[in-house]
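Me: Could you take a close look at one part of this structure for me, the surroundings of the ligand, and then work outwards from there? Keep it relaxed, but walk me through it properly.

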Amino acid sequence: MELTLRIRRFNPETDTKPHWEEYTIDADPDQKLLDALLYVKDHLDGTLTLRKSCAQGICGSDAMRINGQNGLACRVLIKQVNTPVISIEPLYGLPLIKDLVVDMEPFWKWYRAIMPWLVNDEPAPEKERLQSAEQLARYDDSTKCILCAACTTSCPPFWANGNNYVGPASIVQAHRFIFDSRDRATAERLNIMGQAFGVWKCRTVYNCTEACPRGIRITEHIGEVKRAISLGMPKE
Ligand code: SF4
Ligand code: FES
């Protein structure tokens, strides 16, 4: 099939603002969108700049805006988009570096702020820190996050408050530890989430859940963190 990729381009060395460029290729509908982009880069315009690594939906590095919706280019098939012209833009809400590449540092800043590691200073048991299936189920969904930023960069409160809002991905990461029975920093994490830059900036727009390529129930988990702050942790 004939497919036109309409790509938002920006070269900081020559451009004052982004512009659109179009590339028409012969594409296989079963092809990944990432492969179509790489075809353009390899055969039509070597200056096209994008991030990718695994090409399997694992590393989270090729999140971008596809026909107005965030997704991973390696997880989207051309037949799923199903339009003769596909518009591709960099993620919104993060500083643009070049073409489809944004500066992820503001995203990582908020990720570091939620202490994304297990805190437990108690002496280690002889074997492992055991956990029941029910205890695991309380946070298991949050462990699926690959930190692609598709959720955070589709969130209007993050667009409006990026410097002052942790965003949904970091709340998912906080949820992953808050509800882990082995973690001992629950009060500290809930205190972080309760700050002005924390969970209350969420307006339940739901864009995050729709954007997540891992199908994580983000809005539900944000609600669980809000309830834990206002009503206390639920009993195990
Ligand atoms: S919650 Fe989903 S969309 Fe957000 S960073 Fe994690 S994997 Fe990506
Ligand atoms: S390239 Fe790794 S998730 Fe797409």
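Reply: Around ligand 1 there are 15 residues, and the ones that come nearest are Cys-145, Cys-148, Cys-151, Ala-169 and Cys-212. Bear in mind that this is a predicted model. Sorted by class, the shell around ligand 1 is made of 13 nonpolar residues, 1 polar and 1 charged.

Cys-151 is a handy bridge to the next part of the story. Besides being among the residues nearest ligand 1, Cys-151 is one of the members of the largest nonpolar core that touch the most other members, along with Leu-33, Ala-149, Ile-171 and Val-225. That core has 54 residues, and helix H6 (residues 168-178) gives the most to it, with 6 residues. The core also draws at least three residues from each of domain 1 (2-102) and domain 2 (105-231). As background, nonpolar side chains tend to be buried together in soluble globular proteins.

Leu-33 is worth a stop of its own. Leaving out residues up to four places away in sequence, Leu-33 touches Ile-66, Ala-73, Val-76, Ile-78, Val-81 and Ile-86.

Now for how the two domains meet. Their centres, taken over C-alpha atoms, are separated by 29 Å, and 14 residues of domain 1 are in contact with 14 residues of domain 2. On the side of domain 1 that touches domain 2, strand S4 (residues 69-72) supplies the largest share, 4 residues. By class, the residues on that side of domain 1 are 7 nonpolar, 6 polar and 1 charged.

One more spot to look at is Leu-100, in the loop between strand S6 (96-98) and strand S7 (101-102). Leu-100 counts as buried because 25 other C-beta atoms lie within 10 Å, and the cut-off for buried is 20 or more. Not counting residues up to four places away in sequence, Leu-100 touches Thr-49, Leu-50, Met-64, Ile-88 and Pro-90. With Pro-90, the sequence separation is 10 residues, while the C-alpha atoms are 4.3 Å apart in space.

Stepping back to the whole chain, the secondary structure comes to 9 helices and 7 strands, and the C-alpha atoms fill a box of roughly 60 × 35 × 30 Å along the principal axes. Of the 236 residues, 36% count as buried. As for the contacts between residues at least 6 apart in sequence, 66% join residues at least 24 apart.

Methods: Residues are numbered from 1 along each chain as its sequence is written. Chains are lettered from A and ligands numbered from 1 in the order in which they are written. This is a predicted model: local features need pLDDT of at least 70, side-chain atom pairs count only at pLDDT 80 or more; totals for chains, interfaces and linings use all residues. A nonpolar core is a set of buried Ala, Val, Leu, Ile, Met, Phe, Trp, Tyr and Cys residues joined through C-beta atoms within 7 Å. A residue is buried if 20 or more other C-beta atoms lie within 10 Å of its own, exposed if 12 or fewer, and partly exposed in between; C-beta atoms are placed from the backbone. Domain bounds come from an automatic or database domain assignment. Two residues are in contact if their C-beta atoms, placed from the backbone, lie within 7 Å. Ala, Val, Leu, Ile, Met, Phe, Trp, Tyr, Cys and Pro count as nonpolar, Asp, Glu, Lys and Arg as charged, and the others, Gly among them, as polar. A residue is near a molecule or strand if its C-beta atom, placed from the backbone, lies within 6 Å of it.
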